[in-house]
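Here is a friendly walk through one protein model, meant for someone who has not met it before. Have the sequence and the 3D view at hand as you read.

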Amino acid sequence: MFARLAMCSRLPSKIRQSNVCPVSIRAFSQAKFSLPRPHGKSFAHRSELKQAKRIVVKLGSAVVTRGDECGLALGRLASIVEQVAMLQNQGREMMIVTSGAVAFGKQRLRHEILLSQSVRQALHSGQNQLKDMSVPVLEARACAAAGQSGLMALYEAMFTQYSICTAQILVTNLDFHDEQKRRNLNSTLHELLRMNIVPIINTNDAVVPPPVPNSDLQGVISIKDNDSLAARLAVEMKADLLIALSDVQGLYDSPPGTDDAKLIDIFYPGDQQSITYGTKSRVGIGGMEAKVKAALWALQGGTSVIIANGTDPKVTGHVITDIVEGKKIGTFFSEVKPAGPTVEQQTEMARHAGRTLASLLPEQRGEIICCLAELLTEKKDEILSANRKDMEFAAGRLSQPMTNRLSLSTAKLNSLAIGLRQLAVSSRDSVGRVLRRTRVANNLELEQITVPIGVLLVIFESRPDCLPQVSALAIASGNALLLKGGKEASNTNKILHQLTQEALAIHGVTDAIQLVSTREEVEDLCRLDKMIDLIIPRGSSQLVRNIQRAAKGIPVLGHSEGVCHVFIDSEASIDKAIEVVRDSKCDYPAACNAMETLLIHRDMLRTPLFDQIIDMLRTEQVKIHAGPRFASYLTFSPSEVKSLRTEYGDLECCIEVVDSMHDAVDHIHKYGSSHTDVIITENEDTAEQFLQLVDSACVFWNASSRFADGYRFGLGAEVGISTARIHARGPVGLDGLLTTKWVLRGEGHTVADFSEQGSMKYLHENIPVPQGHFN
């Protein structure tokens, strides 16, 4: 049957203009997408989906209809229309394959039948009391005929809100199998896309015959349902992407809801044997097997496919746009199978090997760390060579603070090795340490012991020296570890990870530490809440904030900013003040524990101490920004600070004036980040008040803020500095990567034994724990 085209009669102003000059639309499209992608080969990675120009969105029956199958899910449809309109207005060419005519028609026909029955009963009985009325079983073709016009009118009304015109096309198998009709259909669709109109396509269910099993022509998929229709249409129109929305999250390796069913992130042709299909959805005539068959057929034709959930209220409002942005949603069908394991497989491998690592003797874990320390010095030439490649690539691309963090040196490697050896010694009383013993009752003893957290995910920018530090801490604490470094340090990270695995191999736990080198977005990693137990970000404040927002189901350990203060009291020593300020700001200005704001007591202005500090900062080429109060004291002041919460990460700082120690504390609490804050004074009472009042992870007296470091604290290494108020705070070393579990040993004890009628009584006696006692 020839494709029926019912274009909307009233075009919005934007569309009327496009009929006159369609070139303007094409120019807009090319502004968004520089060159059209040659069709014939699907996208290999999710990240490439941003390039998709022509997109088919298939809306399954379960997405379009309500739970009672009588009527449409208007909220979901409105959200989907908004996303399609957004992509269309970006210059993409959107097409919709929709279900819903039968459900909409069923709703209308039921209403008409009930109304008709009520009128007949009222006329027959002459009374207003109506008997129970039953609705006969409605034939699907009649429902489709009654519902199609209403469904299209709804779409048209919704898209009109975004100044987008729609057109309805009803098809049957014949429109694809008859060559002339196929060409007509193709021509019609291309003309609609040229005019910036969204085609809305559906099978003509009012006349279509029931699907015949195994009726596919050789090399051609039959139009049995909207899955096969969407696949056939996508290939016919050379679409870049087909998004098939249903009522499941994607493709599982076994029926969803069964034990051990896992969502498949990427599905490759040839993986069908590993899938066990369940029953089809509550509505529609297809099922997951039909969806997979259609998806693979489209993939073979050069169209990328994603099957995702369009009914989940948590994601429906952005599922389509998220998919186009390359986020990990649903199942992505790809012809390119990566050489290495997926991140999910890496996590499973790390968890399994991590349990073996935790079971090693403390001396064995120490041997691994010492081996890694030796390799850092033995292989320093290879490490520095890889780092030079990263530095050359980063030249001109990274800010100076990021470049400084990226750089490695012989001195840095030697310092790392010393810290690791220190950690190897201190870690021998970590995992399995008994913290508390209690005699609950006679022959019933309880112990609280330290155990690893599980699987850690550490995400770090630039700083490749983070990799051996964090790896050593994971080894010492018996934790599995996933590492995600920035691409700017890829060469350095690669060799450092190879050396880490070489050290792990001496006790057969190579897989315990994994480097994620696939194209996984950080936001996607943060969604692995069933596989990852703790996320530790190391990088810019923006990175940390992004991770804290994305990781809704996984704890995040870290700090978002390092706005550290040094306060010079009215009773400060000149020599101490100059040296502490110089070291805090100039030793390593890119570090998170570098001073960013210098607070000066009002009485110290226009004194020799103040003049010498300003001279020192100028000598060190530190750019000074004046706080509001400091600027008010000056005739010609430096540039006034834009924000008192700025982390410069460079040879820059803010200077502000306060009236007293208490004012300094108030300023720190208002503008600081709870990282590290310092007082310089010779008055012990003032210093002790400051140390007690300031609510930061690290608070120092007459000492540089740069001491806020795990190595300098004697922790051997650190995974970062936490400004949180639970679990771990300040430099997080070995203890911050351990949790506890309770072990109870009895002899057949039951709670009933301790009831009023029972024969036993609770003792709850603390038992001394000898130092170094292990479970």
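## Two sheets, a pocket and a cavity

Four strands make up an open sheet with parallel pairing, in the order S14-S13-S12-S15. Its edge strands, S14 (513-515) and S15 (534-538), each pair on one side only. From one strand to the next, the twist averages 20°. Here two strands count as paired if DSSP finds at least two bridges between them; strands (E, at least two residues) and helices (H or I, at least four) are DSSP runs numbered from the N terminus.

A word on the model: it is predicted, with local features needing pLDDT of at least 70 and side-chain atom pairs counting only at pLDDT 80 or more, while totals for chains, interfaces and linings use all residues. Residues are numbered from 1 along each chain as its sequence is written, and side-chain values use heavy atoms, with hydrogens and water left out.

Back in the sheet, S12 (residues 455-460) and S13 (residues 480-485) pair in the parallel sense over 6 bridges. In S13, Lys-484 is the bridge partner of Ile-459. Helix H18 (residues 490-504) packs on this sheet and touches S12, S13 and S14. Contact means heavy atoms within 4.5 Å, and angles run from 0 to 180 degrees between N-to-C directions, with axes fitted to C-alpha atoms, for helices over the stretch in contact.

A second open sheet has 6 strands, again with parallel pairing, ordered S18-S19-S17-S16-S20-S21. Strands S18 (623-626) and S21 (698-701) are its edges, each pairing on one side only. S20 (residues 676-680) pairs with S21 in the parallel sense over 4 bridges, and Asp-677 has Val-699 in S21 as its bridge partner.

Which helices lie across these strands, and at what angle do they run? The table lists four of them.

| Helix | Strands touched | Angle |
|---|---|---|
| H18 (490-504) | S12, S13, S14 | about 160° with S14 |
| H20 (541-550) | S12, S15 | about 160° to S15 |
| H24 (661-671) | S16, S17, S19, S20 | about 170° to S16 |
| H25 (684-693) | S16, S20, S21 | about 175° to S21 |

Next, the empty spaces. On a 1 Å grid over the protein atoms alone, a cavity is a set of points where a 1.4 Å probe fits but cannot get out; a pocket is an open set with protein on both sides within 12 Å along at least five of seven lines, and lining residues have an atom within 4 Å of a point. Grid points are joined across faces, edges and corners, and a volume is the space filled by probe spheres set on the points.

The largest pocket holds about 1,900 Å³ of space. It is lined by 43 residues, and the closest to its centre are Leu-263, Lys-328, Glu-344, Arg-527 and Leu-528. Helix H12 (343-359) is one of the elements that supply at least two lining residues; the largest share, 3 residues, comes from H12.

How many cavities of 30 Å³ or more are there? The count comes to 3, and the largest has a volume of about 40 Å³. Its lining includes Lys-58, Asp-227 and Val-305.

Two of those lining residues, Lys-58 and Asp-227, also form a salt bridge, their closest N and O atoms being 2.9 Å apart. This pair links distant parts of the chain, 169 residues apart: Asp-227 sits in helix H9 (residues 226-236) and Lys-58 in strand S2 (residues 54-59). The structure holds 34 salt bridges (a side-chain nitrogen of Lys or Arg within 4 Å of a carboxyl oxygen of Asp or Glu).
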